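Colleague: Mind if I quiz you on how you back up the words you use for this model?
Modeller: Go ahead, ask away.

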Amino acid sequence: MENINPLSAENTWKEVLSNISGKIPTQSFKTWLEPAKGASIKGNVLTVDVPNMFFVDWIEEHYRKIIEIALLNIVGSEISIKFNPIERGIKPKKEKERLYRIDSHNLQKRYTFKTFVVGSGNRFAHAAALAVSKSPGQAYNPLFIYGAVGLGKTHLIQAIGNYVTENTPGSKVYYTSCEKFLNEMVDAIQNSTMIQFKKRYRGKDILLIDDLQFIENKEGLQEEIFHTFNSLHDTGRQIIMTSDRPPIEINGIEERLLSRFQWGLVCDLKPPDFETRIAILKTKAELAGASVSNDILIYIAQRIKSNIRELEGALVTLLALTSLTDTKLTLDSSKQMLDDILGREKITKISIERIQEVVSNHYVITPQALRGKRRTRSISFPRQVAIYLSREQTDLSLKAIGKAFGGRDHSTILHDYDKIKSLIAKDDELKIDIEQLSKKIKEC
Ligand code: ADP
Ligand code: MG
């Protein structure tokens, strides 16, 4: 009988890597994924060897989803993946393994108030989250937390869930992202199980919805959220939401939802100040079981200012690189590694000029037209595509992008970005176009 899966583990993994290589920043790809090797395929489990536990943790958390999708595309059937640490010296504590597991409330145990460092940028949101945890349905309902990416929204909202499940066992807490909610809703519509779907969400005591900006311009989803909200709120049950922008800035949000989101308390998360960044690094080093000297932590905190995920990423990357070469982490070696990590990413940084050049070539118009005021479709559509790519491929602010496109304001940029994003979801041809443009832009 023929082998069902003719690909070897080694080749399958190589294919996965080539499939995802353009989708992850080059330096991260080199650090985390290149050292991994396909080891075996048994049954429907692909085992991949990685150097040590740092790698297992990091890959699990950051790349599992993208790897699973690539694998499904390549093999064409469900195959699960397991990362195996070769160096067993650095062992995870049992406790740590448990922390990464997702429980029946869809919560990760490691996101707690205990591991959340409080500083000037998050003091208010933290206090509100704690108040809601202590008296759900009574303090602020709903609680709406917003802030830029990597500032702790998911951590904080899940900390509420973990606090309640620990202190009031049996309460029906559920964490979901707005996107997951939509996917489940679509499934329920297709399978005629809407009644069960509604019942499931409306039967919660505490509902946590992450990344609510996803409701933008989606009428059906807004409608369902509206009724879920009413059903919970009317019976005194707690709703907590996060978003990357305040409710009022969510495009196409219905008035009735907007007003409800503002019934309770709306608070924001701001980037951490220097002391908070140091405290966060200390907590993370401790959690990783590593001791890192203060001068190194100070150096990292000076280099990375506005995104806690990146701050944490830099530290963990340093620890992983050190564990690979078995060297001791010194200030000098850290500086060099960090300069390498951050510096190299800077070199490959994409400029808006490059994006404008590639997009205008593709649509046979001039880059000046993209920056100009004309609104005919033959120009405004390419302009929207260029704006979309600018937001996806650079880390410039909406304001800076607006400036590069002839002084447009941030809400226009957001609107254009969202428009293309939702078109891509529906239009395969455009999706392929955008993929090709992205590739071209990176070729410079
Ligand atoms: P967001 O959802 O806003 O994009 P996350 O909640 O995913 O951000 O946070 C990114 C990373 O930074 C997570 O690993 C989280 O644990 C960490 N983090 C964010 N804020 C804090 C904080 N105040 N203290 C400790 N860790 C934090
Ligand atoms: Mg998040």
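**The ligand and the cavities**

Modeller: One thing first: this is a predicted model. An oxygen atom of ligand 1 sits 2.8 Å from an N or O atom in the side chain of Thr-154.

Colleague: Why is that pair with Thr-154 called a polar contact?

Modeller: A pair of N or O atoms counts within 3.5 Å, and the Thr-154 pair is at 2.8 Å, so it qualifies. Lys-153 passes by the same cut-off, because a polar backbone atom of Lys-153 is 2.8 Å from an oxygen atom of ligand 1. Lys-284 brings a polar side-chain atom to 3.1 Å from an oxygen atom of ligand 1, so that pair is within 3.5 Å too.

Colleague: How do you know how much of ligand 1 the protein covers?

Modeller: On its own, ligand 1 has 560 Å² of accessible area, and the protein covers 96% of that.

Colleague: What makes up the shell around ligand 1, by class and by helix?

Modeller: By class, the shell has eight nonpolar, six polar and four charged residues. Helices α6 (153-167), α11 (274-287) and α13 (308-325) each give at least two residues to the shell. Of the 18 residues around ligand 1, Val-117, Gly-150, Thr-154, His-155 and Glu-312 come nearest.

Colleague: Which domains does the shell draw on?

Modeller: Domain 2 (123-269) and domain 3 (274-342) each supply at least three residues of the shell around ligand 1.

Colleague: On to empty space. How many cavities of 30 Å³ or more does a search of the whole structure find?

Modeller: Two. The largest cavity holds about 50 Å³, and the second largest about 40 Å³.

Colleague: What makes the lining of the largest cavity come out with five polar residues?

Modeller: Gly counts as polar, so Gly-119 and Gly-121 are among those five, along with Ser-120, Asn-122 and Thr-276. The lining also has four nonpolar residues and one charged residue. Lys-270 is the charged one, because Lys belongs to the charged class.

Colleague: And why does the lining of the second largest cavity have one polar residue?

Modeller: Thr-228 is that residue, because Thr is neither in the nonpolar list nor in the charged one. The other classes there stand at seven nonpolar and no charged. Leu-207, Ile-225 and Phe-229 are among the lining residues.

Colleague: Where do the lining residues of the second largest cavity come from?

Modeller: β6 (206-210), α9 (219-234) and β7 (238-243) each supply at least two. The largest share, four residues, comes from α9.

Methods:
Residues numbered from 1 in each chain as written. Chains lettered and ligands numbered in written order. Predicted model: local features only at pLDDT ≥ 70, side-chain atom pairs only at ≥ 80, totals over all residues. Heavy atoms only, no water. Near = heavy atom within 4 Å. Polar contact = N/O pair within 3.5 Å; in protein donor to acceptor, adjacent residues only side chain to side chain. Areas by Shrake-Rupley, 256 points an atom, 1.4 Å probe, with all protein chains shown as cover. Domains from an automatic or database assignment. 1 Å grid on protein atoms, 1.4 Å probe; cavity = no way out; pocket = protein on both sides within 12 Å on 5 of 7 lines; lining within 4 Å. Points joined across faces, edges and corners; volume = space filled by probe spheres on them.
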